[in-house]
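This report describes the strands, core, domains and chain contacts of the structure shown below. It is written for a reader who has the coordinates at hand.

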Amino acid sequence: MVVMTFWTVRNFQLAPDFSFSNWVTILSADYVWDAYARSFLGAGLASVLVTLLAFPCAYYLGLKASPRVRLIGACLIMAPFFTSFLVRAYTWRTMLGDQGVINAILGWFGFEPVQMINNLFGSIIGYLTLVMPLVLLLQLFSLSAIDRRLIEAAHNLGCGPYWAILRVVVPAAKTGIILAAAFSFVLAFGDLISPQVLGGSNPPTLSILIVDQVRGGLQWPRAAVIAVVMVLTLITVVTAAMVMTYGGNRRQSIRGKS
Amino acid sequence: MTDIAILGDETTPLLEFRNVEKRFGGSIVAVKDLNLKIGRGDFVAIMGPSGCGKTTTLRMLAGLEEPTSGTLLYNGLPVNDLPAWKRQMPLVWQSYALFPFMSVLDNVAFGMRSRKMPKAERNKRAQAWLDRLGIGEMAARSPSTLSGGQAQRVALARALVLEPEVLLLDEPLSALDAHMVVRMQSELAELQRSLGITFIYVTHNQSEAFAMANRVVIMNEGELQQVGHPMDVYRAPRTRFVAEFVGANNIVDGEIVKVGEAAYVVDTPIGKLTSSNPSGLEAQTGQRVHLVVSADMVHVGADHSDESANLIDARLVGESFVGNVVTLVFETNGNYELKVQLQQRALSDLDLNINDTATLAFGHDDALLIPSS
């Protein structure tokens, strides 16, 4: 893919070459940077939201619920993996559209229809649908692996239930929570279906730009440039997440040895 | 908390269990009808085999388990419904339960943070306790880099820095090396004396309990067996379970055949034995009893003319050494085993070999009667 970024297209024909023109064209185009910012913020917002939304559920299932309820919960979380994401996205369209179920209900109470698709809100709903099951599962695993004695120790030392979540549960499950958020960023950043089906394609994200480059003029090399930029971004984000997870501990143990 | 403390007076026990029962899942009884008073400044050891309910008892004190029925009183007031985080009864865990994602100092300061103490003040106090326990230089470390003994001290500091009235300890020494255990035992006993607070210490290890506690509570299958000074419990067990649990006891079943002025004659498989120590038992002729003799109260090589002692001929079948104490196992005519504990030096004076026969003797006063269960 990296090699292809240096090829050229002549008369709708791919030709091996060593040209920086694709890089220059793409990196100097404002619309690419707009799309980049849009993809990055959308995926970032989605991973923050999904982390916050999934936590209460994972907390309940992982630490409060009986083993039986936890098993049923885990099965329900896995159920969406068995349906196509495209189907789930179109289901949201019928629910969130101007003539959708939600706007119909709002209409009964005399509200104007609210636009919930073909905008950022729609994209975010799509991203959340895509990453929620995975994030729930990862958080559930890391929360149920917490040594409950740590939580009891917190209570024993005068720490009430809510502070115990903040001071003990979240730090103890930090690895899983950050990893899940990083995964959801990766998935949402590259997702095509959410911005297309629920986000309305316009303004575009990077994944939509890739499709456009290929469809409108067979610009495989330019699409490859965008893809390489995306991969580099993901590597940076995942590395940052890893440093956040493990870096703190390493620093602490080094300090301990000195 | 302070308003509760004012209400208490000298006659009110610090802690009291009143008919406390704890069941798990409706049918499993962990603690049965527990009645127990714990005074200020006591070093109480709650002992028993695993599953006897001792840890559940401790967890009820900490508020980590709620009694199914009965009342738990703290300074005379019921605290059944008081959540764990509002009780000031820090617990030292068997596994230490240190927070792995915090430095040692932050671990120790954790409880004060919950009480909204300013950071500088709580760090100062935490450091002072770490220094006092000799691990001041570990403050910046992660708990995962500590040895068992060090982690133990951090757990102690984390609890004691809160200046509690009661410290709960759940088998805190069970994960340590033997030499560390002995050291920590004397340190804990010293700490308890100098602080003057109540220690409630759960253990399955009798020697640990007897080395430190001034009051032992023995439990079995959720039931309280005996409460008392360690030496009294050791010398005068009240049930067969306690007699077995405190160890090194000979227990012979028998029937009282004669009640005399100061002595009872008991017919046992190893002959008629006399006891002048009924330990509160109102013994009657015909009653089934256990006759208990401490192994270290039995003498080897007695003179047959001694009228004040019970005499039994037996054959030496085995011996085991722990330190300089020897436990000899004898077999009597009726194939009954009797244990005798001696200092090693006393044994070499006896010149006794396996399969030799000797006369064993124990005083009437050393033969304890307990009711047959």
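In β12(B), Tyr264(B) is the bridge partner of Val259(B). The two strands concerned, β11(B) and β12 (residues 264-268) of chain B, are paired in the antiparallel sense over four bridges. Together β11(B) and β12(B) make a hairpin, with four residues between them. All of this is read from a predicted model.

β11(B) also pairs with strand β14 (residues 288-294) of chain B, again in the antiparallel sense, here over seven bridges. Within that pairing, Gly254(B) stands opposite Val289(B) of β14(B). A further antiparallel pair is formed by strand β4 (residues 69-74) of chain B and β5(B), joined by two bridges; there Leu73(B) faces Pro78(B) in β5(B). The three pairings are set out below.

| Strand pair | Sense | Bridges | Residues opposite each other |
|---|---|---|---|
| β11(B) and β12(B) | antiparallel | four | Val259(B) and Tyr264(B) |
| β11(B) and β14(B) | antiparallel | seven | Gly254(B) and Val289(B) |
| β4(B) and β5(B) | antiparallel | two | Leu73(B) and Pro78(B) |

In general, strands of a sheet pair through backbone hydrogen bonds, either parallel or antiparallel.

The pair β4(B) and β5(B) belongs to an open sheet of four strands in chain B, with the order β2-β1-β4-β5 and antiparallel pairing. β2 (28-38) and β5 (77-78) of chain B stand at the edges of this sheet; each has a single partner strand, so one side of each is left without a neighbour in the sheet.

Lys258(B) is part of strand β11 (residues 249-259) of chain B. Is Lys258(B) buried or exposed? Lys258(B) is exposed, because there are 12 other C-beta atoms within 10 Å, and a residue with 12 or fewer counts as exposed. Not counting residues up to four places away in sequence, Lys258(B) touches Tyr264(B), Val265(B) and Thr285(B). Tyr264(B) is also the bridge partner of Val259(B) in the hairpin described above. Between Lys258(B) and Arg125(B) there are 66 Å in space, C-alpha to C-alpha, for a separation of 133 residues in sequence.

The domain assignment divides chain B into domain 1 (2-89 + 164-235) and domain 2 (248-371). Taken over C-alpha atoms, the centres of domain 1 and domain 2 of chain B are 35 Å apart. The largest nonpolar core holds 163 residues, and the members that touch the most others are Val44(B), Ala45(B), Val108(B), Leu168(B), Ile200(B) and Tyr201(B). At least three residues of this core come from each of domain 1 and domain 2 of chain B. As a general tendency, nonpolar side chains in soluble globular proteins are buried together. Which residues are in contact with Tyr201(B), leaving aside neighbours within four places in sequence? They are Phe43(B), Val44(B), Ala45(B), Leu169(B), Met212(B) and Ala213(B).

Chain A has 12 helices and two strands. Along the sequence the two strands precede the helices, in the pattern β-β-α-α-α-α-α-α-α-α-α-α-α-α. Its C-alpha atoms fill a box of roughly 75 × 65 × 30 Å along the principal axes. Of the 258 residues of chain A, 35% count as buried. Among contacts in chain A between residues at least 6 apart in sequence, 73% join residues at least 24 apart. In helix α5 (residues 101-108) of chain A, the number buried is zero of eight residues, so the helix lies largely in the open. α5(A) is followed by Gly110(A), with a positive phi near 85 degrees.

The two chains meet through 19 residues of chain A and 20 residues of chain B. On the side of chain A that touches chain B, the elements giving two or more residues are α7 (148-156), α8 (161-172) and α12 (220-257) of chain A. α7(A) gives the most, with six residues. By class, this side of chain A has eight nonpolar, seven polar and four charged residues.

As to confidence, the predictor assigns the complex an ipTM of 0.83 and a pTM of 0.84. The mean pLDDT of chain B is 88, and 95% of its residues reach 70 or more. Over residues 1-8 of chain B, however, pLDDT stays under 50, and the model has 10 contacts beyond four places in sequence for that stretch. Where pLDDT is low, predicted coordinates should not be read in detail.

Technical notes: Residues are numbered from 1 along each chain as its sequence is written. Chains are lettered from A and ligands numbered from 1 in the order in which they are written. This is a predicted model: local features need pLDDT of at least 70, side-chain atom pairs count only at pLDDT 80 or more; totals for chains, interfaces and linings use all residues. A nonpolar core is a set of buried Ala, Val, Leu, Ile, Met, Phe, Trp, Tyr and Cys residues joined through C-beta atoms within 7 Å. A residue is buried if 20 or more other C-beta atoms lie within 10 Å of its own, exposed if 12 or fewer, and partly exposed in between; C-beta atoms are placed from the backbone. Domain bounds come from an automatic or database domain assignment. Two residues are in contact if their C-beta atoms, placed from the backbone, lie within 7 Å. Ala, Val, Leu, Ile, Met, Phe, Trp, Tyr, Cys and Pro count as nonpolar, Asp, Glu, Lys and Arg as charged, and the others, Gly among them, as polar. pLDDT is the predictor's confidence in each residue, from 0 to 100. Two strands pair if DSSP finds at least two bridges between them.
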